[in-house]
Amino acid sequence: MKEASPAKAYALHLGVIALLFALSFVLPEYHHGLLARIMVLAVFAMGYNMLFGYVGLLSLGHAMFFSAGLYGAGLAVIHLGWSVPAAFAAGLACGALLALVIGVLALRTSGVAFMIVTMMFAQVFYLIILYFAAWTGGDQGLVVPQSARVLVLGDTSLGLTNPTVRYMSALVLFSIVLLVALVIVRSRYGRVLVAIRENEERTKMLGYDTFSNKLAAVVVSGTICAASGAAYALLFGYVGSTFASVQYSILPLLWVLLGGAATTLGPLIGTLFMYYVVDITSGYTSAYLLIVGIALILLVLFFPRGILGTIRQRWLGWLP
Amino acid sequence: MTDKNGFFDLSKTGLTRRTALKGLAAGAGLAVAPGFVRYSQAQSSAPIKIGFQSHRTGIGAAYGRWYERTTAAAVKAINEAGGINGRPVEVIIEDDGTDPGRGAEVVGKFATQHKTDIVYGTLFSHVVIGSAPAAGEAKMPYFVVSEGHHVASTKLNRYVFQPGITDVKSQIQAMAPWIAANAGKKVTQIFPDFAFGYDHRDYLPPALKAQGAEVIAQIAIPPTESSFTKYFPQIPAETEVIYHVMVGPAVLTFVKELGEFYGSNRPQLFGFIDSLEATDINSPGLEFLDGSHFWEGSPRYAQPDDSAAQKAYRAAVGIDDNGAAVGDPKDVSTAAHMFGCWETLYVVKKAMEDAGYKGPEDRAKLVEATEALTEFAEGPEHPQGPKTFNGKIHQCFGIQNISKVEGGRLNVVHKTKIEDGLYEPEGDYTTQPL
């Protein structure tokens with residue numbers, strides 16, 4: 001596998017960001033709104049990819065990190081009246097703390113046991129949300145008031161309900177996370193993570209503390225997912241337990257597998273692909289779930305490493 | 001980054017893993033896809049376009065089916081009578097998968113792609129709450145048929161209305177006088193341990209207390225529970241009435257096990273028909289309910305004193321005297337709730353006509369015209385009964401039915417008054433900007 005020159009890799013990623021920026025001015029209203037949502041959820045997928053793609057740890061519980069950010073930010077606004085930046089920071093802190101605790105416990109296992117343990121922790125988190133319904137709104141969830149979703153920057157107030165502000169906010173978050181992910185995977189630390197994925201015993205023999213590195217990866221992954229959840233609460237105004245259910249743990253796995261695990265842009269491609277395949281096919285038939293299923297099977301058959309993963313394997317070996 | 005050993009190359013990992021991943025991908029697709037929305041053909045601008053946020057898939061599918069049938073019947077009747085402001089009504093349906101995240105996307109799609117005049121028809125509370133912000137931001141009037149207390153709580157926004165069905169707080173409050181006077185003074189509640197159950201948990205005790213009765217025990221059952229026998233010893237021996245609101249597929253097991261626990265010597269039973277909507281009351285295992293009482297919004301079975309409007313409504317929607325689809329006795333309706341679709345559409349018609357509604361630019365006028373409504377007389381447009389409407393909390397209030405299970409059918413034994421379900425408003429939407 002060829003190594004990308006830094007300029008080439010950064011140019012590609014900045015180009016994608018520029019493209020997304022340009023799309024804001026040309027997309028029809030519906031697709032404009034949908035892409036804002038996709039970018040926020042692609043951040044969730046990027047967080048998942050950090051652990052699954054680069055460390056090879058398959059978690060079935062990442063909905064809890066997304067929800068930690070969602071509730072951390074949402075409840076800070078609803079119950080404490082915090083400002084948007086403070087609430088976003090609260091969401092990040094909740095995700096990071098939760099990831100640290102879960103990481104310390106779950107990393108005592110690996111493989112299938114890791115999947116089961118993360119899934120169980122996520123289920124506990126989900127049930128805690130239901131249990132404290134007086135605060136969380138239980139399964140019905142809570143609305144983050146529109147009046148509180150205003151970003152004050154100096155003398156300027158930006159309503160996050162404004163479609164353009166929302167799109168640009170989503171783009172800023174997406175861009176930051178994308179570039180951070182690129183820096184991480186190109187760094188020495190990123191290489192250690194890949195080494196752990198490929199052969200953990202050998203990495204240990206080389207003198208690396210694999211537990212600490214994996215724990216750091218869990219925290220980074222959880223924090224990125226929490227950033228996505230916090231942004232979701234603040235941009236779209238709803239926090240609900242559905243986002244903590246197992247369905248939302250499987251979704252990022254699916255998006256990453258589709259787009260290409262261990263590729264920096266794969267999560268965006270996968271999320272985009274999944275959203276639009278369903279949206280388009282459902283316009284033609286009520287049996288659109290069948291078409292979606294077949295499309296997914298074909299993809300796995302012919303693009304076994306996901307869309308970008310296969311492109312990298314066959315044509316563009318330098319893709320990060 | 002390198003991927004030397006083909007860690008993610010599914011083609012190198014053998015049949016088992018590939019098959020597993022295919023299954024996972026397909027399964028996950030099926031799990032998540034219900035919420036994804038579908039395109040609809042572009043519409044001309046002439047008709048009034050109503051975006052129907054339907055639960056076609058997910059846990060609300062049984063309700064969604066009957067909500068669609070009722071909506072189609074109401075729209076047909078409205079169009080045959082000249083439409084709204086002389087324009088035909090067209091309904092555009094999008095499946096929300098009974099998912100709040102998807103619900104918000106569907107509202108956005110109605111607003112920005114279909115460009116509907118209003119959004120309507122949502123039932124499940126979490127979908128309503130999840131979608132309400134999107135409706136408020138798009139300044140899209142959003143008429144729900146949910147019976148949740150969320151609208152009346154004034155925690156949503158000025159664009160959300162529930163004018164066609166009463167809310168659960170009102171329903172519970174209206175039941176209390178009859179329970180205290182006819183069933184018993186010492187009540188044990190059994191309810192599912194999530195929001196639907198919490199409404200009953202929170203609103204029933206004060207309502208009963210006001211009638212000189214009391215809740216002596218509250219038993220919350222986790223929604224994942226499939227066997228209930230272990231909870232029954234918690235029911236105090238002095239219980240005179242068991243008030244149950246279990247929902248979901250487990251309700252048949254619940255009733256069967258309750259019957260095995262008590263035998264023939266049981267306390268009075270009172271429940272909400274939500275437990276058994278779209279379920280045949282004569283299903284095996286439900287025999288134990290014979291002689292018990294249920295709340296019904298609108299009666300499932302035809303009653304001897306049904307009004308001409310009620311009869312016409314039932315015929316239009318296509319339900320027989322047993323509340324099942326005409327021609328398919330096994331397809332039992334959600335009669336207690338779906339009338340709300342019919343009545344909501346007539347409220348929309350009235351408000352649009354009052355507002356002189358011409359198009360999306362008049363949405364604010366439509367909101368104000370709806371808020372100005374105060375009463376809906378019983379008749380073809382409101383076959384369930386008369387209602388009052390509180391424009392400050394965007395919620396209607398109406399009569400409720402208490403029915404007894406007798407001879408394999410539900411017979412209405414008491415109708416409450418509108419006043420029984422009134423409560424102090426918790427806020428005022430009209431103070432919010434449009």
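**Exercise 1. How many Å separate the centres of domain 1 and domain 2 of chain B, taken over C-alpha atoms? Then describe how the two touch.**

Keep in mind that you're working with a predicted model.

- Start with the bounds: the assignment for chain B puts 48-166 + 338-398 in domain 1 and 169-296 + 402-414 in domain 2.
- Taken over C-alpha atoms, the centres of those two domains of chain B are 30 Å apart.
- Now for the contact: domain 1 of chain B puts in 6 residues, and domain 2 of chain B puts in 6 residues.
- Sort the domain 1 side of chain B by class, and you get 3 nonpolar, 3 polar and no charged residues.

**Exercise 2. Work out the order of the strands in the open sheet of 5 strands in chain B, and find its edges.**

- Take S1 (residues 48-54) and S2 (residues 89-95) of chain B: these pair in the parallel sense over 7 bridges. As a check on the register, look for B:Gln53, whose bridge partner in S2(B) is B:Glu94.
- Next, trace the connection: S1(B), helix H2 (residues 61-80) of chain B and S2(B) make up a right-handed β-α-β unit.
- Move on to S3 (residues 118-120) and S4 (residues 142-143) of chain B, a parallel pair with 2 bridges. Here B:Val119 sits opposite B:Tyr142 in S4(B).
- Put it together and the order in chain B reads S2-S1-S3-S4-S5, with parallel pairing.
- The edges are S2 and S5 (160-161) of chain B: each has a single partner strand, so one side of each lacks a neighbour in the sheet.
- Finally, add helix H3 (residues 100-114) of chain B, which packs on the sheet and touches S1, S2, S3 and S4 of chain B. The direction of H3 makes about 165° with that of S1(B).

**Exercise 3. Locate B:Lys115 and B:His394, give their phi angles, and decide whether each is buried, partly exposed or exposed.**

- B:Lys115 isn't a glycine, yet its phi is positive, about 50°. You'll find B:Lys115 in the loop between H3 and S3 of chain B.
- Count C-beta neighbours inside 10 Å: B:Lys115 has 18, so this residue is partly exposed. The buried class starts at 20.
- B:His394 isn't a glycine either, and its phi is positive at about 60°. The loop holding B:His394 runs between strand S14 (387-390) and strand S15 (395-398) of chain B.
- Because B:His394 has 27 C-beta neighbours inside 10 Å, B:His394 counts as buried.
- For background, 53% of the 434 residues of chain B count as buried.

Key:
Residues are numbered from 1 along each chain as its sequence is written. Chains are lettered from A and ligands numbered from 1 in the order in which they are written. This is a predicted model: local features need pLDDT of at least 70, side-chain atom pairs count only at pLDDT 80 or more; totals for chains, interfaces and linings use all residues. Two strands pair if DSSP finds at least two bridges between them. Helices (H or I, at least four residues) and strands (E, at least two) are DSSP runs, numbered from the N terminus. A crossover is right-handed if, with the strands pointing away from the viewer, the path from the first strand over the helix to the second runs clockwise. Domain bounds come from an automatic or database domain assignment. Two residues are in contact if their C-beta atoms, placed from the backbone, lie within 7 Å. Ala, Val, Leu, Ile, Met, Phe, Trp, Tyr, Cys and Pro count as nonpolar, Asp, Glu, Lys and Arg as charged, and the others, Gly among them, as polar. Axes are lines fitted to C-alpha atoms, for helices over the stretch in contact, and angles run from 0 to 180 degrees between N-to-C directions. A residue is buried if 20 or more other C-beta atoms lie within 10 Å of its own, exposed if 12 or fewer, and partly exposed in between; C-beta atoms are placed from the backbone.
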